[in-house]
Amino acid sequence: MSDSKDKDSILGQAGPLLDSGQTIQSVGDKVTSVIFRKKQPIPWFVVLGIASMLLGSLTLSVVWLLMKGTGVWGLNIPNAWGFAIVNFVWWIGIGHAGTLISAILFLFKQQWRTSINRFAEAMTLFAVACAGMFPLLHLGRPWVFYWLFPYPSTMGVWPQFRSPLVWDVFAVSTYLTVSVIFWYTGLIPDLATMRDRAKNKVGKIVAGIFAMGWRGSARHWHRYEVAYLLLAGLSTPLVVSVHSVVSLDFAVSIMPGWHTTIFPPYFVAGAIYSGFAMVLTLMIPVRSIYGLKSIVTMRTIDNMAKIMLATGLMVFYGYLNEIFFAWYSGNKYESFMMLNRMTGPYALQYWMLILCNGIIPQLLWFRKVRQNVISLFIISIIVNIGMWLERYIIVVTSLHRDFIPSSWDNYAGTIWDWGLYIGTIGFFLFAMMLFIRWVPMIPIFEIREIIHAKTKKTLGTEKKP
Amino acid sequence: MNASKTVQPGIKHAANISLRIGIAGLAGTLLGAMGNMSQFYQSYLQAYIFWSGISIGSLAALMIHHLAGGGWGFVTQRILEASVKTLPLVALLFIPIILGMDKLYHHWLHPEAIHVALIELKSLYLNKNAFIIRTVIYFVIWIGMGTWLCKWSTKQDETGDKTLNRPMRKLSGIGIVIYGLTATAASWDWTMSLEPTWFSSIWGPLFMVGQGLSTFAFSIIVLSKLAKHNPLAKVIKSAHFHDLGNLTFAFVILWTYMTFGQFIIIWSGNLPEEIIWYLDRTPTGWKVVAILLTVFHFLLPFLLLLSRLTKLKAQYLAKIALFVLLIRLVDNFWVIAPTFQDGVNIHLLDFTTPLAIGGLWMFVFLKFLPKHSLIPLHDPRFKVEEDPHD
Amino acid sequence: MSADKKIYGLVAEFNDSDLLIKAAEQTQEAGYTKTDAYTPFPVHGLTEALGIKRTILPWIVLTGGILGCLGGFYLQYWVSVEAYPLNVGGRPFNSWPSFIPVTFECTILGAALSAIIGMLSLNGLPQPYHSIFNTPNFERASNDGFFLCIEEQDPKFDKKQTRRLLEDLGAVSVSEVES
């Protein structure tokens, strides 16, 4: 035991990939037990209750908005983009971790991803759904949202493809579609497992319908594996493109603070950063409540923390870069914007952002912090807040001081802005709880593959490639 | 050392050839430079950015390997280390650039009248002394980190001390951050400041991606030669080439992504101080180069590396890698040369300087390469199945 | 046993994937062609052992991607140049740099849709009924059982000989499955 611990410390790993003692059978039992258990644990009901209340806030805010129009929000001119785009970017960024975990880490053959990918992918779907609400509601007349798409309308009008907002429509809808496809593809074999394990008839039929008659045929597995690999390969550039397009919403304009060439990768890094923070925020409690610590091991948690540190550093690099170029550009609007960001009416939010996103996460350099789930949980929440503030700062500080001082105005969200924002958090949590309850949150067959490979290795029957 | 006997003569031979190429290149360069010093400095800078990119990029790749530890790093570690050891040479080769600063960086050393005020503003950063001091600092840091990493790695070979992975990993963690910052600043100094009124915040990352791409392409070429002999022949698998091929593929895409991102943002904004950079780089002749880059720096390698087959076969992959390396030079040409010339003027020096620097660089690289076992012997992450000593 | 009962094939159950692979290899050697294996997760080496050809799926996906790419770009070109030309900040009607993001998204969408649709249709899914489900214990195929089936359609299929072959290969049980 101490020997393996020593080895881990030399290699910089935190414990084994999976706890020993897991078998092909026990994984199935463990994961499906969450669904087939008679009663969900109390925290599940508590979160569901809170989420339901927040859903009420969402409904109320949306109804009020539809009755009164976007004037109920804190928007004004020049701050025509307030909470709506801040929350949109925040949510869509959170969604990115799911795709990253399931696609990029899959391509890099990082086995530790397996225990969290299904969960993170579900998170992606719900986060993108939350994100989608904001631009749609911001349209003012959300019921004619289909005007966004190119279709032969009787008015003879077409979208304006030189606008990044139209790119967004394509990027986000493609992202949602491909995420659903990827998620569902991964689920098919597990749905078959559920079908064959379900004890009641309804469960059997429902799982059976979604499993589409999957029978585990070797020919099917072969095509399935190729399809999954291809989907991973397609999702990887897709996820990068989505947040890049989001960043272009800002960057192709000429607003000081927005028009800067580092925006695409800087936004992508920020998205991954916040996404991993959200996965940790959710996974840390879930794994302890549902007794999944032996599958979602400390190694997985530690690796996620390391990725958070790495992406956090990239984001911090972006902040430093912005500061340098605000000065180096020699553009007085740029340097004014940066100075105003640091010392103007939103200075508090700016320095909070630096603290939350740049300073506090440096604690993750320490192994002790990464190994302590409570400190990690707290840091992950701080990063979530920090990433929200980052978008707030980007949106508001550039807008509220326009080129001409006569059009300056400050911005603050109203109660309806907050109600809607908190409401989407409710929607997200609600959907996550339903997901945990009804869908195997850990990919059973992939974990089985790992266990299988491991037992074969210890038996010494592994074949040379 | 029986095992390395099989590969040593080959390396020695290659080193001799490199030295000869270097000397021939140097002769050609001297010939071409006579009476045309500004052309010399321009071509020299292009070649220098290219070759220094491999050394500096190798340092970064080595650190990433110590942090992430894939099989690709195990087989390329000694190549990367030998390449890192050329850093002192790379530092020495910077001297001509300092000597030629008046010609290379005259836009900020001797600004035109309309830009005087703007350059004045930037002079806190853009001044001769600060430029030299910064470059010295970069090299001290890079050489320092590289020396430590190579030293520990050698020591592990000799003593078999597995715990040495710990300091290597720790230094790499901090080191990769320091690399990010220093390489960014170097990119501003060495290439972005050629046109001091222009700026692009993606410049640092783009510069680093270029270095990474050159490094992986270079490693693939060297590895494909070494893989035929022991000790690498014993451990190398086609999966290693597949991984390296994928990394090259990823960096080709990253380069395209950042290059296009920079272009679309500047093109859409169309601000006079930014768009000028593209206006200089897209009149008739340069447009052809730009299109060539799109096709050969992106489309062709992208399509070729998309297939598994090309990545699994070492000889195919090495050919693609060589092609990518050459096109890196063209990219440097497109970035640097339009500062100095309106049309596309390909000078003899554009060919001789990369050969001169490259021959010398390769000679030193190949002298360092066989000094140690070509695979790390006691890295606990990788099992060396048979002792390569016997 | 009544003779009119149609048989789908003989199904052997194995407890271990290595036995399954060996069995698959030997049935292939014995000249059987209409065979299939059923496992709870993809078993490496099984595809080769059964002699399954590499799927054409990558080509379908490539085609889907290319169609998406061309279609996406042409849509934007047609809209911005032919159908509804608008002057936006003096940019050309054919602002190709602006069309690249959407072209890219359409490429991915086309490729991803062809991947899932291609995979499902090549596999013949959804398929609510399949004879193999009549196999006793078949629910283990999605849990911890490994099955090998030699179909009745196989030209070499012979009830007795095939059964003996499967039993010799270390099957836990061999059962006749109705069609």
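**Close-up views of a predicted model**

**Figure 1. H8(A) passes H9(A) in a right-handed crossing.** Welcome to a tour of a predicted model, starting inside chain A. The two helices shown are H8, residues 218-251 of chain A, and H9, residues 263-289 of chain A; their axes come within 8 Å and cross at roughly 125 degrees. That angle makes H8(A) and H9(A) oblique to each other, because it falls neither in the range of 65 to 115 degrees nor over 145. On the H8(A) side, the contact is made by Val240(A), His243(A), Ser244(A), Val246(A), Ser247(A), Leu248(A), Phe250(A) and Ala251(A). H9(A) answers with Phe263(A), Pro264(A), Phe267(A), Val268(A) and Ala271(A). Sorted by class, the contact of H8(A) with H9(A) comprises 10 nonpolar and 3 polar residues, with no charged ones.

**Figure 2. H4(A) and H15(A) meet in a right-handed crossing.** Here helix H4 (residues 83-107) of chain A is paired with helix H15 (residues 415-438) of chain A, and the axes come within 10 Å. They cross at roughly 20 degrees, so H4(A) and H15(A) are roughly parallel to each other. From H4(A), look for Phe83(A), Asn87(A), Trp90(A) and Trp91(A). These meet Asp417(A), Trp418(A), Tyr421(A), Thr424(A), Ile425(A) and Phe428(A) of H15(A). The contact of H4(A) with H15(A) has 7 nonpolar residues, 2 polar residues and 1 charged residue.

**Figure 3. A salt bridge joins Arg118(A) to Asp190(A).** The closest N and O atoms of this pair are 3.1 Å apart. Arg118(A) belongs to helix H5 (residues 114-138) of chain A, while Asp190(A) belongs to helix H6 (residues 164-197) of chain A, so the pair ties together parts that are 72 residues apart in sequence. Over all chains, the count comes to 11 salt bridges.

**Figure 4. H10(A) and H11(B) cross between two chains.** This view brings together helix H10 (residues 298-328) of chain A and helix H11 (residues 165-190) of chain B. Their axes come within 11 Å and cross at roughly 30 degrees, so H10(A) and H11(B) are roughly parallel to each other. The crossing of H10(A) with H11(B) is right-handed. Leu313(A), Tyr317(A), Asn321(A), Phe324(A) and Phe325(A) of H10(A) make the contact with Val177(B), Gly180(B), Leu181(B), Thr184(B) and Trp188(B) of H11(B). By class, the residues of this contact are 7 nonpolar and 3 polar, with no charged residue.

**Figure 5. Chain A and chain B bury about 3200 Å² between them.** Step back from the helix pair to take in the chain contact, to which chain A gives 32 residues and chain B gives 45 residues. Carbon and sulfur atoms account for 71% of the area buried between chain A and chain B. The count of salt bridges between these two chains is 0.

**Figure 6. Chain C and chain A bury about 5300 Å² between them.** The contact draws on 67 residues from chain C and 55 residues from chain A. Of the buried area, 67% is on carbon and sulfur atoms. Three residues to pick out are Phe41(C), Pro42(C) and Glu105(C): they supply 12% of the area that chain C buries against chain A, more than any other three residues. Across the interface of chain C and chain A there is 1 salt bridge. Arg219(A) and Asp36(C) meet through their side chains in a salt bridge, at 3.8 Å from N to O.

**Figure 7. Loops with backbone geometry to look at: Pro78(A), Pro126(C) and Met212(A).** Some background helps here: most residues other than glycine have a negative phi, and most peptide bonds are trans. The peptide bond from Ile77(A) to Pro78(A) is cis, with omega near 20 degrees. Pro78(A) sits in the loop between helix H3 (42-68) and H4 of chain A. A cis peptide bond also runs from Leu125(C) to Pro126(C), with omega near -5 degrees. You will find Pro126(C) in the loop between helix H4 (96-123) and strand E3 (146-151) of chain C. Met212(A), a residue other than glycine, has a positive phi, near 60 degrees. The loop that holds Met212(A) lies between helix H7 (201-211) and H8 of chain A.

Definitions and conventions. Residues are numbered from 1 along each chain as its sequence is written. Chains are lettered from A and ligands numbered from 1 in the order in which they are written. This is a predicted model: local features need pLDDT of at least 70, side-chain atom pairs count only at pLDDT 80 or more; totals for chains, interfaces and linings use all residues. Side-chain values use heavy atoms; hydrogens and water are left out. Axes are lines fitted to C-alpha atoms, for helices over the stretch in contact, and angles run from 0 to 180 degrees between N-to-C directions. Helices (H or I, at least four residues) and strands (E, at least two) are DSSP runs, numbered from the N terminus. Angles under 35 degrees count as roughly parallel, over 145 as roughly antiparallel, 65 to 115 as roughly perpendicular and the rest as oblique. A crossing is left-handed if the near helix is turned anticlockwise from the far one by less than a right angle, and right-handed if clockwise. Contact means heavy atoms within 4.5 Å. Ala, Val, Leu, Ile, Met, Phe, Trp, Tyr, Cys and Pro count as nonpolar, Asp, Glu, Lys and Arg as charged, and the others, Gly among them, as polar. Buried area is the accessible area (1.4 Å probe) that two parts lose on being put together, summed over both. A salt bridge is a side-chain nitrogen of Lys or Arg within 4 Å of a carboxyl oxygen of Asp or Glu.
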